[in-house]
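Work through these exercises with the model open. Each task is followed by a solution in steps.

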Amino acid sequence: MNSSNAWLKAHNAVHLMHPMQDPKGLKDNQPVIIESGDGVHITDVDGRRFLDLQGGLWCVNAGYGRKEIVDAVTEQMHKLAYYSLFPGSTNPAAIALSQKLIEITEPEGMAKVSFGLGGADAVESALKIARQYWKLEGQSDKYKFISLYNGYHGLNFGGMSACGGIAWRSSYEPLMPGFIQVEGPHLYRNPFTQDPEELVEICAQLMERQIELQGAHTVAAIIAEPIQGAGGVIVPPASYWPRLRQIADKYNILLIADEVITGLGRSGALFGSRGWGVKPDIMCLAKGISSGYVPLSATLVNQRVASAWERDAGFTSVYMHGYTYPAIRCPVQLDWRRSISLCARTWPTTPRWSANTSWSACGNSKTSTVRSVTCVERG
Ligand SMILES: Cc1ncc(COP(=O)(O)O)c(C=O)c1O
């Protein structure tokens with residue numbers, strides 16, 4: 001071990017707060033120190049090379065060391081490292097990226113984009129937009145959000161309040177009022193049934209009962225992930241998202257797709273909700289949007305939602321999104337062309353989403369469940 005590696009290992013947790021980890025555990029279980037990346041591989045300070053199956057934190061969709069991305073970011077930094085979108089100014093990079101995002105979400109009918117720095121920002125913006133939408137619609141009682149057990153929506157206070165797992169919530173309670181969780185269709189370990197269609201129906205009914213208990217006139221939106229990621233890679237049966245859309249329409253509630261992981265190709269379709277054949281009202285994108293090269297996220301809204309801001313409502317229609325930084329962090333010539341063509345090639349040839357079958361594919365005592373959405377690139 002060379003002396004700088006020894007220094008790095010000795011100093012790793014001295015001043016650095018490692019997230020998502022018991023700090024005492026770090027002494028016995030030292031993290032690998034990743035120094036470089038190339039394509040799908042990463043290398044640690046000891047020269048060990050790993051296949052990075054997770055793509056960082058499910059975000060490096062285009063792979064490491066992509067020269068064209070680094071060049072595009074560098075070129076933009078040289079030209080203009082920063083400018084804001086606050087009143088009186090804008091910049092070409094933000095305009096171009098918003099246009100691109102609307103182009104690629106044309107099937108969903110998205111109309112407007114708000115930028116942020118990460119998935120939690122994207123969710124926070126979606127929650128704020130949903131509440132403001134209903135105020136602009138003259139229905140300010142509609143402020144509650146319904147999300148799913150095992151759902152993960154980032155760890156700002158808004159997203160954390162929507163999270164459906166105690167580990168993400170308990171140290172920071174009390175969380176925001178008006179957030180309610182219901183059961184989602186988790187085929188493995190649910191108390192109801194092993195039949196996917198029956199489970200979808202039960203979960204849909206639980207959702208409807210909760211909406212009726214709260215009063216639909218108080219519910220702003222349902223927020224969920226097309227495939228639950230951090231909660232355990234839980235793939236819902238194919239009929240669940242279409243049922244969510246039906247329920248949202250029945251009760252006049254917005255549907256927010258948290259596509260932070262599933263968006264931009266990671267789930268086999270370009271967007272997870274597109275894979276399920278569903279058009280959400282609001283989409284949260286991050287991670288794959290910049291492949292982790294710069295912090296960036298986007299919240300997209302469809303025309304129905306965007307229209308509320310088009311009325312002459314004076315100060316109440318100001319979108320109070322006061323973040324300093326997101327505006328120019330958008331120069332990345334994202335490698336969507338590859339993502340899109342990859343999806344286009346895999347999607348039609350992909351075996352059906354495997355939620356209905358994979359859970360029963362476990363044949364030994366060490367494997368309790370297998371969950372996947374098959375995405376195999378064919379030649
Ligand atoms: C579905 C989902 N939403 C939101 C987030 C938060 O994203 P970020 O970590 O960029 O804040 C994550 C992060 O993993 C996520 O998986």
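**Exercise 1. Compare the reach of helix α5 with the span expected for it, then decide which side of it is buried.**

Solution. This is a predicted model.
- Step 1: α5 runs over residues 92–104, a total of 13 residues.
- Step 2: At 1.5 Å a residue, 18 Å is expected. From first C-alpha to last, the helix reaches 19 Å, close to that value.
- Step 3: Pick out the buried residues of α5: Ala94, Leu97 and Leu101. They lie on the same side of α5, because they cover an arc of only 70 degrees around the axis.
- Step 4: Turn to the other side of α5. Ile95, Gln99 and Glu103 are exposed there.
- Step 5: Look for the cover over the buried residues of α5. It includes β4 (110–116) and β10 (297–302).

**Exercise 2. Establish why Leu285 counts as buried, and list what it touches.**

Solution.
- Step 1: Place the residue. Leu285 belongs to strand β9, residues 282–285.
- Step 2: Apply the cut-off: a residue with 20 or more other C-beta atoms within 10 Å is buried. Leu285 has 27, so it is buried.
- Step 3: List the contacts, leaving out residues up to four places away in sequence. Leu285 touches Ala122, Glu259, Val260, Gly263, Leu264, Ser297, Ala298 and Leu300.
- Step 4: Take one of these partners, Val260. Leu285 and Val260 are 25 residues apart in sequence, yet 4.6 Å apart in space, C-alpha to C-alpha.

**Exercise 3. Describe the shell around the ligand by residue, class and helix.**

Solution.
- Step 1: There are 16 residues around the ligand. Gly118, Gly119, Ala120, Gly154 and Val260 come nearest.
- Step 2: Sort the shell by class. It has 8 nonpolar, 6 polar and 2 charged residues.
- Step 3: Find the main contributor. Helix α6, residues 119–136, gives the most to the shell, with 3 residues.

**Exercise 4. Sum up the whole protein, and mark where pLDDT stays under 50.**

Solution.
- Step 1: Count the elements: 14 helices and 10 strands.
- Step 2: Take the buried share. Of the 379 residues, 39% are buried.
- Step 3: Consider contacts with a separation of 6 or more. Residues 24 or more positions apart account for 70% of them.
- Step 4: Check confidence. The average pLDDT is 87, and 85% of the residues score at least 70.
- Step 5: Mark two stretches where pLDDT stays under 50. Residues 344–362 have 41 contacts beyond four places in sequence. Residues 374–379 have 12 such contacts.
- Step 6: Where pLDDT is low, predicted coordinates should not be read in detail.

Key:
Residues are numbered from 1 along each chain as its sequence is written. This is a predicted model: local features need pLDDT of at least 70, side-chain atom pairs count only at pLDDT 80 or more; totals for chains, interfaces and linings use all residues. A residue is near a molecule or strand if its C-beta atom, placed from the backbone, lies within 6 Å of it. Helices (H or I, at least four residues) and strands (E, at least two) are DSSP runs, numbered from the N terminus. Ala, Val, Leu, Ile, Met, Phe, Trp, Tyr, Cys and Pro count as nonpolar, Asp, Glu, Lys and Arg as charged, and the others, Gly among them, as polar. The expected span of a helix is 1.5 Å times one less than its number of residues. A residue is buried if 20 or more other C-beta atoms lie within 10 Å of its own, exposed if 12 or fewer, and partly exposed in between; C-beta atoms are placed from the backbone. The arc is that of the directions from the helix axis to the C-beta atoms. Two residues are in contact if their C-beta atoms, placed from the backbone, lie within 7 Å. pLDDT is the predictor's confidence in each residue, from 0 to 100.
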